[in-house]
Amino acid sequence: RELENQLRQSQKLEAVGTLASGVAHDINNTLTAVFGFAEQAKRQMDAPVELGRSIDMIEQAAEQAASVTRSLLTFAQKTSTEKEAIRLDQLVIESMRLLRRLLPASIELTEEIDTSMPIWIEADRNQIQQVLMNLTINARHAMVDSGRLRVKLRIDDGAVLSVEDTGAGMAPDIQQRIFEPFFTTKDRGQGTGLGLSVVHGIISDHGGTIEVHSVQNQGTRFDIRFPLSAASSTSATEHANNTTSNPSNSHHRRMLIAEDDELVAAVMAATFESEGFDVTLANTGDEAIRMIDEQTAAPDVVILDFDLPGRTGDECRRHLRQRNRHVPVVIVTGNTNAYLSAQSTDAATNETGVPDHEKLVAKPFRMNELVEDVRSLLQKSDNR
């Protein structure tokens, strides 16, 4: 009977995850359109100050909603993803909105994030969020009535992530045991004693270290160090190359966009046409494949929604590879795990699981970032 109850509960959780993924997919399409049209309006209109402020608020509201969908997708995932190069600074900033929901109003949450340069690490995004979640819950229990929780991120012989609270603190003998499995100072039924041991295991698995500094009645600070990814040393150079690329290179480039959401397709077409591309649209996988086969001149670059109706975006990608193996392709999706799983069966992938001639872009995204990604792929293709 107990096993039957556990199975039913598991099925309920799976249903919730499916619902969350579906809702997030639809909202992501709308948010992508909001981002894009707001950017178009800023570029095309000599807007009064008041209109400019309104457009800024559109972007701010969309970014807040985007944070919610990212959180939904994170907790809907049933399995952990493989490690990849991630922007730790962006991940921490995104997670802060979710962490605020875990704290009562009496606890102040502040952040000090070094944004002077991108901070890249090789990590599992979901597991890093779990680390932040566990440390936040621990800090909440340590601050019974009120207090302050501060999250800091800086570069100092690696990426250093600190979580500091003004709670009860710990005696030295307690500090020595906090990472032991099943060790807890909480009352029976209030904790399993696994939270910090899980945190320690995740950090160790990422090649990092975690240290605790605590004084009774003064608070606790956890310092986590991650080795920097090689992407940290190259991102500045790549960004400079992208931003200084010649816009004229875009003129008369042929682009195929396969996207089933009309708003997203419209804003992508408007964006790239304004950049000088000759854009062709398809709204199903079957239509995209027909256009690939019928075109007398192959597209110079293709943007594929991975979740196309009919024949999927992955089927379109594989069909395209049979005709032109090295054509640049941008995959847009709200479910990056599905793409990475499909890539695991392909041979010519780099260490992130994405081929050099492809780019994975998660919805929602900003149009200027998508333009930079396309230009970067075209530049690589031209230099091949």
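This passage walks through a predicted model of a protein chain, from its overall make-up to two of its sheet regions.

The protein chain holds twelve helices and twelve strands. Of its 384 residues, 43% count as buried. Its accessible surface comes to about 20,000 Å², and carbon and sulfur atoms account for 50% of that area. Contacts in the chain often link distant parts of the sequence: among those with a separation of 6 or more, 73% are between residues 24 or more positions apart.

Confidence in the prediction varies along the chain. The average pLDDT is 78, and 70% of the residues score at least 70. Over residues 347-352 the pLDDT falls below 50, and this stretch has seven contacts in the model beyond near neighbours in sequence. Residues 188-193 also stay under 50, with eight contacts beyond four places in sequence.

A good place to start looking is an open sheet of five strands, arranged in the order β2-β4-β5-β7-β6 with mixed pairing. At its edges lie β2 (107-113) and β6 (209-215), each of which pairs on one side only. On average, neighbouring strands of this sheet are turned by 10° against each other, direction ignored. Within the sheet, strand β5 (residues 159-165) and strand β7 (residues 219-226) run antiparallel and are joined by seven bridges. One pair to find here is Val163 with its bridge partner in β7, Phe222.

Helix α4 packs on this sheet, where it touches β2, β4 (147-155), β5 and β7, and its direction makes about 20° with that of β5. The helix covers residues 125-142, 18 residues in total, and reaches 26 Å from its first C-alpha to its last, close to the 26 Å expected at 1.5 Å a residue. Several of its residues are buried, including Ile128, Val131, Leu132, Met133, Leu135 and Ala139. The buried set also includes Asn126, Gln129, Asn134 and Thr136.

Another strand worth a visit is β10 (residues 301-305), in which five of five residues are buried. Val301, Ile303 and Asp305 point one way from β10, while Val302 and Leu304 point the other way. This strand has parallel partners in β8 and β11. With strand β8 (residues 254-258), β10 pairs in the parallel sense over four bridges, and Ile257 stands opposite Ile303. Four bridges also join β10 to strand β11 (residues 329-333), again running parallel; here Leu304 stands opposite Ile331.

How values were computed
Residues numbered from 1 in each chain as written. Predicted model: local features only at pLDDT ≥ 70, side-chain atom pairs only at ≥ 80, totals over all residues. Heavy atoms only, no water. Helix = DSSP H or I, 4+ residues; strand = E, 2+ residues; numbered from the N terminus. Expected span 1.5 Å × (residues − 1). Buried < 20%, exposed > 50% of the residue type's maximum accessible area, 1.4 Å probe, protein only. pLDDT = per-residue confidence, 0-100. Contact = heavy atoms within 4.5 Å. Pairing = 2+ DSSP bridges. Axes fitted to C-alpha atoms, helices over the stretch in contact; angles between N-to-C directions. Areas by Shrake-Rupley, 256 points an atom, 1.4 Å probe, with all protein chains shown as cover.
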